[in-house]
Amino acid sequence: MKIKELALTNYRNYQELSLTFGDGLTIITGENAQGKTNLLEAIFLLSLAKSHRTNHDQELIQWEEELATLQATITTEHFEFPLELILNKKGKIAKLNHIEQSKLSHFIGKFNVILFAPEDLQLIKGSPSLRRKFIDSELGQSHPVYLQELLSYQRILKQRNAYLKQYGRTSQFDDIYFEILTEQLVEKATLVIKYRVKFIEELERIAEPIHRDLSNQREQLKIIYQSSSSKLDYNDLKDIEAQLLALFKQALNREKEQGITVYGPHRDDIIFYINDKKAQFFGSQGQQRTIVLSIKLAELELFHNMTGEYPVLLLDDVLSELDDNRQMILMSHIEDKVQTFLTTASIEGIKLHELKNADILYVEKGQISRGESA
């Protein structure tokens with residue numbers, strides 16, 4: 001899978017932009033705050049219909065403009081098709097093959113990307129919400145039905161929490177209504193958990209040998225999807241629904257007191273182990289970075305296994321965070337098979353002579369000029 005053409009109008013600091021891309025590596029370089037990451041963000045947006053940098057679409061539209069448009073031509077082994085996103089003050093309009101999609105979930109996943117950004121290096125030691133966002137983003141692309149189930153879960157969760165808060169104000173409680181809400185929540189939670197557990201299992205299967213190679217055979221990586229309660233056993237996926245129902249029954253008084261749903265996939269986490277020790281607490285910075293690099297490389301293979309196509313790889317200023325050895329391992333995994341966009345403030349230090357047919361784009365104040373290929 002590749003992006004062949006990209007056109008932006010009134011997007012961030014790009015008033016009008018039209019670009020074509022090659023199949024290999026495109027290096028996007030320039031000083032800070034010139035628009036390098038904006039370009040990657042636009043490509044990411046065409047995949048997931050949302051930015052990885054902001055939850056406010058208005059920030060993506062140029063000042064004093066009513067709307068911004070993003071258009072792209074995507075090619076796969078068998079097809080070529082256009083994508084379009086129109087951002088305005090009311091929301092988004094998503095078009096696939098020039099046809100407006102009634103739901104964003106019908107648009108998401110048609111064009112797959114893997115993003116590796118500096119904030120991903122916080123994946124190990126950052127908050128659980130970062131790790132949940134990671135798994136939801138990847139599963140949302142590879143399994144659009146997962147995204148629908150997650151959105152349904154979040155909608156019911158919001159209703160359930162609102163009712164618990166209302167009880168805190170009024171002390172009025174309808175047991176039958178709350179039981180129905182809980183049953184609906186558990187049904188969706190069970191599906192979300194099953195998707196997540198299977199995804200993590202497959203990710204670990206692919207990432208573990210990559211990580212072993214990166215660590216010169218010294219380290220074994222394990223990735224565990226961890227429940228929000230020690231009373232839940234995710235090893236038995238057949239019994240998740242019954243376990244959740246029993247757990248919520250036990251937690252009723254606690255939930256009434258706190259006014260919030262205390263268990264469920266919205267509070268689950270992912271735990272990374274190096275040689276059976278939690279990397280979050282015992283892993284060095286170098287080990288944590290190796291884990292993240294292993295995960296990103298594994299994601300490429302995972303998408304290829306599921307779809308038959310490699311996703312587009314977006315590397316946002318991460319080479320400076322990796323030592324020479326990790327840089328070369330990364331490049332060796334992607335060269336000649338993955339269309340890659342790499343942003344960097346300077347091309348000094350990048351061994352261009354070792355990269356085949358790298359295209360170089362120079363960005364300055366939202367204007368792009370092309371350099372000679374490496």
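Author: In this predicted model, a residue is called buried when its relative accessible area is under 20%, exposed when that area is over 50%, and partly exposed in between. By that rule, buried residues make up 53% of the 374 residues in the protein.

Reader: How many helices and strands does the protein have?

Author: There are nine helices and 15 strands.

Reader: What makes the protein as compact as a globular protein of its length?

Author: Its radius of gyration is 22 Å, and the globule rule gives 21 Å for 374 residues. The two values are close, so the protein is as compact as a globular protein of that length. Along the principal axes, the C-alpha trace spans about 70 × 55 × 40 Å.

Reader: What share of the contacts joins residues 24 or more positions apart?

Author: Among contacts with a separation of 6 or more, such pairs account for 67%.

Reader: What does the protein expose, and which atoms supply 46% of it?

Author: The exposed area is about 18100 Å², with carbon and sulfur atoms supplying 46%. As for charge, the protein has 45 positive and 54 negative side chains. The centres of these two sets lie 6 Å apart.

Reader: Where does UniProt place the feature "binding site"?

Author: The record, an unreviewed entry, puts the feature at Gly 30, Glu 31, Asn 32, Ala 33, Gln 34, Gly 35, Lys 36 and Thr 37. Two of these residues can be set against the cut-offs.

Reader: Why does Asn 32 count as exposed?

Author: The relative accessibility of Asn 32 is 60%. Exposed means over 50%, so Asn 32 counts as exposed. Asn 32 sits in the loop between strand E3 (25-29) and helix H1 (36-48).

Reader: Why is Lys 36 called buried?

Author: Lys 36 has a relative accessible area of 8%. The cut-off is under 20%, so Lys 36 is buried. Lys 36 belongs to helix H1. Apart from neighbours within four places in sequence, its contacts are Tyr 14, Ile 28, Thr 29, Gly 30, Glu 31, Thr 343, Thr 344, Ala 345 and Val 363.

Reader: Which residues does UniProt list for "domain: RecF/RecN/SMC N-terminal"?

Author: The unreviewed entry lists residues 3-346. That span is 44% helix and 22% strand, and its end C-alpha atoms lie 24 Å apart.

Reader: Why is Arg 155 called partly exposed?

Author: Its relative accessible area is 49%. Exposed requires over 50% and buried requires under 20%, so Arg 155 falls in between and is partly exposed. Arg 155 is part of helix H3 (residues 144-170). From Arg 155 to Leu 319 the distance is 39 Å, C-alpha to C-alpha, with the two positions 164 residues apart in sequence.

Reader: How do you know that Lys 188 is buried?

Author: Lys 188 has a relative accessible area of 18%. Buried means under 20%, so Lys 188 is buried. Lys 188 lies in helix H4 and touches Glu 149, Ser 152, Tyr 153 and Ile 156, leaving out residues up to four places away in sequence. The C-alpha atom of Lys 188 is 32 Å from that of Ile 274, 86 residues apart along the chain.

Reader: What makes Thr 69 count as buried?

Author: Its relative accessibility is 13%. The limit for buried is under 20%, so Thr 69 counts as buried. Thr 69 is in strand E4 (residues 67-75). Not counting residues up to four places away in sequence, Thr 69 touches Ala 7, Leu 8, Thr 9, Leu 85 and Ile 86.

Reader: Which residues of helix H9 are buried?

Author: In helix H9 (residues 324-334) they are Arg 326, Gln 327, Ile 329, Leu 330, Met 331 and Ile 334. The elements covering them include helix H4 (175-214), helix H8 (285-307), strand E12 (312-316) and strand E13 (340-344). After H9 comes Asp 336, with a positive phi near 75 degrees.

Reader: Why does His 98 count as exposed?

Author: His 98 has 64% relative accessibility. The cut-off for exposed is over 50%, so His 98 counts as exposed. His 98 lies in the loop between strand E6 (91-96) and strand E7 (99-100). Its phi is near 70 degrees, a positive value in a residue other than glycine.

Reader: What makes Asp 276 count as exposed?

Author: The relative accessibility of Asp 276 is 53%. This is over 50%, so Asp 276 counts as exposed. Asp 276 is found in the loop between strand E10 (269-274) and strand E11 (277-278). For Asp 276, also a residue other than glycine, phi is positive, near 70 degrees.

Key:
Residues are numbered from 1 along each chain as its sequence is written. This is a predicted model: local features need pLDDT of at least 70, side-chain atom pairs count only at pLDDT 80 or more; totals for chains, interfaces and linings use all residues. Side-chain values use heavy atoms; hydrogens and water are left out. Helices (H or I, at least four residues) and strands (E, at least two) are DSSP runs, numbered from the N terminus. The radius of gyration is taken over C-alpha atoms; the globule rule is 2.2 Å times the number of residues to the power 0.38. Buried means under 20% relative accessible area, exposed over 50%, partly exposed in between (1.4 Å probe, protein chains only). Contact means heavy atoms within 4.5 Å. Accessible areas come from the Shrake-Rupley method with a 1.4 Å probe; for residues, only the protein chains shown count as cover. Lys and Arg count as positive and Asp and Glu as negative; His and the chain ends are not counted. The place of a charge is taken as NZ of Lys, CZ of Arg, CG of Asp or CD of Glu. UniProt positions are given in the numbering used here, feature names are shortened, and annotations may be inferred rather than shown by experiment.
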